[in-house]
Amino acid sequence: MGDEAIPEVPLALVSNAYLDRKASEIRIKSILWEGYERANLVTHSQVELIKAIDKRSPEQVQSAVKGNGTTYASLILHLLQNLSRLDTVQYVCILADNILSGHDENAQYFHDVSSEGENYPFGPFFKALQLEDEFASLQASKILTILACSAPNPGSLDLTELWRWISAQLASRKPEVVDVVVQEVESLLRVRQFRMPFWNTQNAVKELVFNLDKSTSTPQMQYQIIFCLWLLTFETEISTKINSQYDIITKLVEIAKAAMKEKVIRVAIATLKNLVEKAPSENLAAMLVAKLLPFTENLSTRKWSDPDILEDIDYLKERLQENFQSLTTFEQYASEVETGKLEWSPPHKSETFWKENASRLEENNFQLLRSLARILSTATSAVVLSVAANDIGQYSKYASKTGKRVLQEVGAKQRVMELMTHEDPDVRYQALSAVQKYMHQAW
């Protein structure tokens, strides 16, 4: 499934009762445009133009704008650039939204007047975005999203301010604010040129993924966020890195297993398919660790209203089966360690495995050994801690002198000793066993 599979939608994919309610409260207010005229901030003809769309029905607004589109676009940008009263800025943002929401084609009016101002048409809305007012910034972000998605040359745009603002809002404690912003991200990421800038924005993907784990995350929110991840994973560079940085494979599998709505399962499976198509070597092993193969086998027996789901499920199942047969025992083990999803799979207890593979924990500057140490320090699951302590003990029997030194430097030896007093009896047992192996090897 390529980018051509992304469904066409209106430019303003923002439907939010909270934002609509706020807008309704502001619409009933009156702005004294004549006062601005007396202060020579607007002309009489500009006031007449405003009155033609002020407090009018959507049909009346579109009728007034038709034939005068660039005039209205120029007026909106002029007002935002030159007026600073908060209530006025809020109101002008609503007028802009009224124009833009009528027809997708109306966005072109704003692009057509870009030569009238150095930073037109985005600058005046960036100015509103930075106001210390929730409604003004949310409304401005919606309009910036429409303008960005309709831009004739999206690759030339610098949307750094918008990406940073979005990243900050994704961390909001208000679900209704997060909902608006996630919908905007959905729209923006449909444009291929915007995916890498979003990916490269500090904390943007981190906060997006974190919202999947929130207790307030509804099935609809899960769908919207995973839809964003699906769009991101069309980029090979992102598919190569996203799981190692954000552990999304485990999250997607867990959400799909628990999902009651077909569309959530569909978009999760489609995202996993992208990861396999774009970066198989980075993602297939992690999918096997996450038990995706038996899950796809289960899904393939279900009845689906959308036949495309079954195609994606069968594709994933076939690729996983091929990979499972070719994957060595050590590669399976390494995937467990890299993902932090340790369990009592056969390698952990196999003397033959450790005799043959202990030295491989020292490859790539002791990458796997350092990962084990990190798991020991950060894991909370008793099973994961037990397995990690076991592995440290098994490794210590065959460790090189440098490896023994690294174990101490990364704090693994000290942490295993601490686990000897852990509340879980199996963790205590595995820690004690590991320490005995240390001592036997003359630590």
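**Fold and overall shape**

I began with the secondary structure: the chain has 27 helices and 0 strands. I am working from a predicted model. I then looked up the dimensions. The C-alpha trace spans about 90 × 45 × 35 Å along its principal axes. I compared the radius of gyration with the globule rule. The chain has 28 Å, whereas a compact globule of 443 residues would have a value near 22 Å.

Next I checked burial and contacts. Buried residues account for 53% of the 443 residues. For contacts, I took pairs of residues at least 6 apart in sequence. Of these contacts, 73% join residues at least 24 apart.

**Helix α14**

I picked α14, residues 219-232, for a closer look. How far does this helix reach from its first C-alpha to its last? I find 20 Å for its 14 residues, close to the 20 Å expected at 1.5 Å a residue.

I then asked how many of its residues are buried. The count is 12 of 14, and I note α14 as mostly covered. I listed the buried residues by name. They run from Met221, Gln222, Tyr223 and Gln224 through Ile225, Ile226, Phe227 and Cys228 to Leu229, Trp230, Leu231 and Leu232.

What covers them? On the N-terminal side of the sequence I noted α11 (175-189), α12 (195-199) and α13 (204-213). The cover also includes α15 (236-246), α16 (248-258) and α17 (262-278).

**Backbone checks**

I looked up a cis peptide bond. It runs from tyrosine 120 to proline 121, with omega near -5°. I placed proline 121 in the loop between α7 (107-112) and α8 (123-129).

I also looked up positive phi values outside glycine. Aspartate 247 has phi near 50°. I located this aspartate in the loop between α15 and α16.

Phenylalanine 366 has a positive phi too, about 60°. Is phenylalanine 366 in a helix or in a loop? I find it in helix α23, residues 363-378. I also checked its exposure. Phenylalanine 366 counts as buried because its relative accessibility is 10%, and the cut-off for buried is under 20%.

**Largest pocket**

I turned to the pockets. The largest holds about 760 Å³ of space. It is lined by 30 residues, and those closest to its centre are Glu282, Ala334, Ser335, Glu338 and Thr339.

Which helices each supply at least two lining residues? I noted α15, α18 (280-289), α21 (329-339) and α23. The most comes from α18, with 7 residues. I sorted the lining by residue type: 10 are nonpolar, 12 polar and 8 charged.

**Second largest pocket**

The second largest pocket has about 300 Å³ of space. I counted 17 lining residues, with Leu288, Val289, Lys291, Phe324 and Gln332 closest to the centre.

Here α18, α19 (292-299) and α21 each give at least two lining residues. Which helix gives the most? My entry is α21, with 4 residues. This lining divides into 10 nonpolar, 3 polar and 4 charged residues.

**Cross-reference**

I went back over the helix names. Helix α15 is part of the cover of α14, and α15 also supplies lining residues to the largest pocket. Helix α23 holds phenylalanine 366 and also lines the largest pocket. Helices α18 and α21 appear in my entry for the largest pocket, and I also find them in the lining of the second largest.

Methods
Residues numbered from 1 in each chain as written. Predicted model: local features only at pLDDT ≥ 70, side-chain atom pairs only at ≥ 80, totals over all residues. Heavy atoms only, no water. Expected span 1.5 Å × (residues − 1). Buried < 20%, exposed > 50% of the residue type's maximum accessible area, 1.4 Å probe, protein only. Contact = heavy atoms within 4.5 Å. 1 Å grid on protein atoms, 1.4 Å probe; cavity = no way out; pocket = protein on both sides within 12 Å on 5 of 7 lines; lining within 4 Å. Points joined across faces, edges and corners; volume = space filled by probe spheres on them. Nonpolar A, V, L, I, M, F, W, Y, C, P; charged D, E, K, R; others polar. Rg over C-alpha atoms; globule rule 2.2 N^0.38 Å.
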